[in-house]
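Here is a friendly walk through a few parts of one protein model. Have the sequence and the 3D view open as you read.

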Amino acid sequence: MKAYDAIVIGSGAAGLYTALKLPREWRIALLTKENLTLSSSQWAQGGIAAVVEPDDSFRLHYEDTLAAGAGLCEPEAVRVLVEEAPERIRELIALGVEFDRYQGRLAVTLEAAHSRRRILHAADATGRELVRALVEEVRDLGNIRVVEEALAIDLALDGGRCRGVLVDALGVREWYMSPVTVLATGGAGQVFAYTTNPAVATGDGIAMAARAGVALRDLEFVQFHPTALAIDGAPRFLISEAVRGEGGQLVNLAGERFMGRYHPQGELAPRDVVARAIFDQMQSSGATHVLIDLRPIGEATIEQRFPNIAHVCRKFGVDVFSEAVPVAPAAHYWMGGVLTDLDGRTSLPGLFAVGEVASTGVHGANRLASNSLLECLVFAHRIAEAVRSSGISRTAAGIIHFPPAAAQSPVNFELVQRIRNEMPWLVWRTCGIIREADGLRRGLEQLQMWKQQLSGVDATTERATLEVRNLVIAAELLLKSALLRTESRGGHYRSDHPAPDPAWQVHTEIAEGRLFQTPLAVAKIRPTSG
Ligand SMILES: Cc1cc2nc3c(=O)[nH]c(=O)nc-3n(C[C@H](O)[C@H](O)[C@H](O)COP(=O)(O)OP(=O)(O)OC[C@H]3O[C@@H](n4cnc5c(N)ncnc54)[C@H](O)[C@@H]3O)c2cc1C
């Protein structure tokens, strides 16, 4: 058993920033299942939204966020997000994050559904620059112990509290104990056949929380990015929204611009609208993709703003300076997650959640572009402040003894492999961009059968199997939530209920295995100490 003052699970922007913000005199374990630089955060391209220009205002950023969220944002959470953004950006700059500048000032660009230019960026690899600076700082601090290749398996529960987590570090099972455990495990894009997310996005945090009976919210809401590279044999590499912000045009295979037929904002319509429009074009023509033409942006701007996109496209045989790029939608971001209050507290005392795994209420039914890295920073800071002022006893976990983890049990690898291959296609077909009741029911039946077949899997099993178990749990909760919500809103589109229903301006919540509706309200969770 290992004892720490705080354990942070995940090394994306949320986990790194939380670890940096917690008190410097605390001993902190930062666990990550691969390495410090494999995360969605590292892959983020477009940038971070914040009000920094005089023609912009908190009110406008707030209103844009609420509009994208389609009636399900928590206004108080959004207010916190936009008002605390500039201070977090100043901290990043002080830490050495090098955002692009124009004539000495921070350069800002436009992205879909933002009414002002407010996206700070570092070329088209903002995440890489952000993670670089955060990792350097983490490595410099003596109080943070980084444990790579450490898979968090299950939360340690005792006396109604979270006391830490069971971890597999390079094949060795061990309990990491602490009065403060922070889930920062990111999303679950891997439940879908097409995703922009890295392989580590297997919904472990959601599944761990579900097994512990922790409240989850709005799991039906997934954002599909409209423009991921669609070339056989290539990963679904993201062609950033900023490309359209700078003038990139979507055309179908007949060479026609089509977005004007779907939305007055054309290419800059909200993501769900653009994703469905592309999907519609693909379905009506039978094509596997549409095209995005970067040439209207101009060579100089492409070179300066999108060098990485140009490089990756070239690697897969497409020259963005002379031809359009094949693109199709892919699962990108999970708006729902572990229910938290404005200080990252979950319904389980001792457990906090931050970043994509959390549901703070800022994204509602659809995330505004570039608000998610911002959410990681703002709520990481708030967790650290809350912990600092909570009077949590640093030694509280030291007295608990959990049994040593048993030896590994045998599993049917063929079955696990089959589920790993088939499940993402099932979820893509039944709970992708367009959903309907029959498909969701069929999908659920299959998932529940797989869950049953995996019921022999326990915490002693090896990593690939544990991840498949987590994927199946995350997918089941996603489909159940999508079946319950009989309307279309934000990232959730039901062809059998194609319009928003005012009666459904409520959250869905899962707690202790029950799925139900809850009215809009910021979660009120009583702070606990000790
Ligand atoms: C291609 C791409 C581009 C994007 N572009 C932007 C953008 O421009 N702007 C923006 O705001 N957002 C963007 N997003 C979304 C944004 O990057 C993510 O929502 C955000 O980075 C999530 O950060 P996070 O720290 O919560 O999770 P992540 O960055 O995904 O990190 C999760 C971490 O948890 C670890 N982990 C997971 N499970 C376990 C486990 N069981 N045990 C131990 N460790 C575990 C992972 O290994 C990883 O280190 C983009 C996303 C993608 C995929």
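Which elements do the buried residues of α8 pack against? Before the answer, please keep in mind that this is a predicted model. The partners of the buried α8 residues are the strands β15 (222–229), β16 (249–251), β17 (290–293) and β18, together with helix α7 (241–245).

**Helix α8 and what follows**

The residues of α8 that do this packing are easy to pick out on screen: R271, D272, V273, V274, A275, A277, I278, F279, Q281 and M282 are buried. The length of α8 fits a helix, because its 15 residues should span 21 Å at 1.5 Å a residue and its end C-alpha atoms are 21 Å apart. Just after α8 comes G286, with a positive phi of about 75 degrees.

**The second largest pocket**

Helix α8 also helps to line a pocket. The second largest pocket has a volume of about 290 Å³, and 16 residues line it. Nearest its centre you will find Y194, M282, A287, T288 and A328. M282 is also among the buried residues of α8. In the lining, α8 (271–285) and β18 (325–334) each supply at least two residues, and the largest share, three residues, comes from α8. By character, the lining residues divide as follows.

| Kind of lining residue, second largest pocket | Number |
|---|---|
| Nonpolar | ten residues |
| Polar | four residues |
| Charged | two residues |

**Helix α13**

Now turn to α13, which covers residues 437–453. Its 17 residues reach 24 Å from the first C-alpha to the last, close to the 24 Å expected at 1.5 Å a residue. Where do its buried residues lie around the axis? They are A437, G439, L440, G443, L444, L447 and W450. Seen down the axis of α13, these residues fall within an arc of 150 degrees, so they line one face of the helix. As background, an α-helix has 3.6 residues a turn, so residues three or four places apart point the same way. The buried residues of α13 pack against α12 (413–431) and α14 (463–484), while R442, E445 and Q452 are exposed on the other side.

**P307 and its neighbours**

A last stop is P307, which lies in helix α10 (residues 307–315). Is P307 buried or exposed? P307 is partly exposed, because its relative accessible area is 35%, and partly exposed means between 20% and 50%. Leaving out residues up to four places away in sequence, P307 touches A123, D124 and I302. P307 and D124 are 183 residues apart in sequence, yet 6.9 Å apart in space, C-alpha to C-alpha.

Technical notes. Residues are numbered from 1 along each chain as its sequence is written. This is a predicted model: local features need pLDDT of at least 70, side-chain atom pairs count only at pLDDT 80 or more; totals for chains, interfaces and linings use all residues. Side-chain values use heavy atoms; hydrogens and water are left out. On a 1 Å grid over the protein atoms alone, a cavity is a set of points where a 1.4 Å probe fits but cannot get out, and a pocket is an open set with protein on both sides within 12 Å along at least five of seven lines; lining residues have an atom within 4 Å of a point. Grid points are joined across faces, edges and corners, and a volume is the space filled by probe spheres set on the points. Helices (H or I, at least four residues) and strands (E, at least two) are DSSP runs, numbered from the N terminus. Ala, Val, Leu, Ile, Met, Phe, Trp, Tyr, Cys and Pro count as nonpolar, Asp, Glu, Lys and Arg as charged, and the others, Gly among them, as polar. The expected span of a helix is 1.5 Å times one less than its number of residues. Buried means under 20% relative accessible area, exposed over 50%, partly exposed in between (1.4 Å probe, protein chains only). The arc is that of the directions from the helix axis to the C-beta atoms. Contact means heavy atoms within 4.5 Å.
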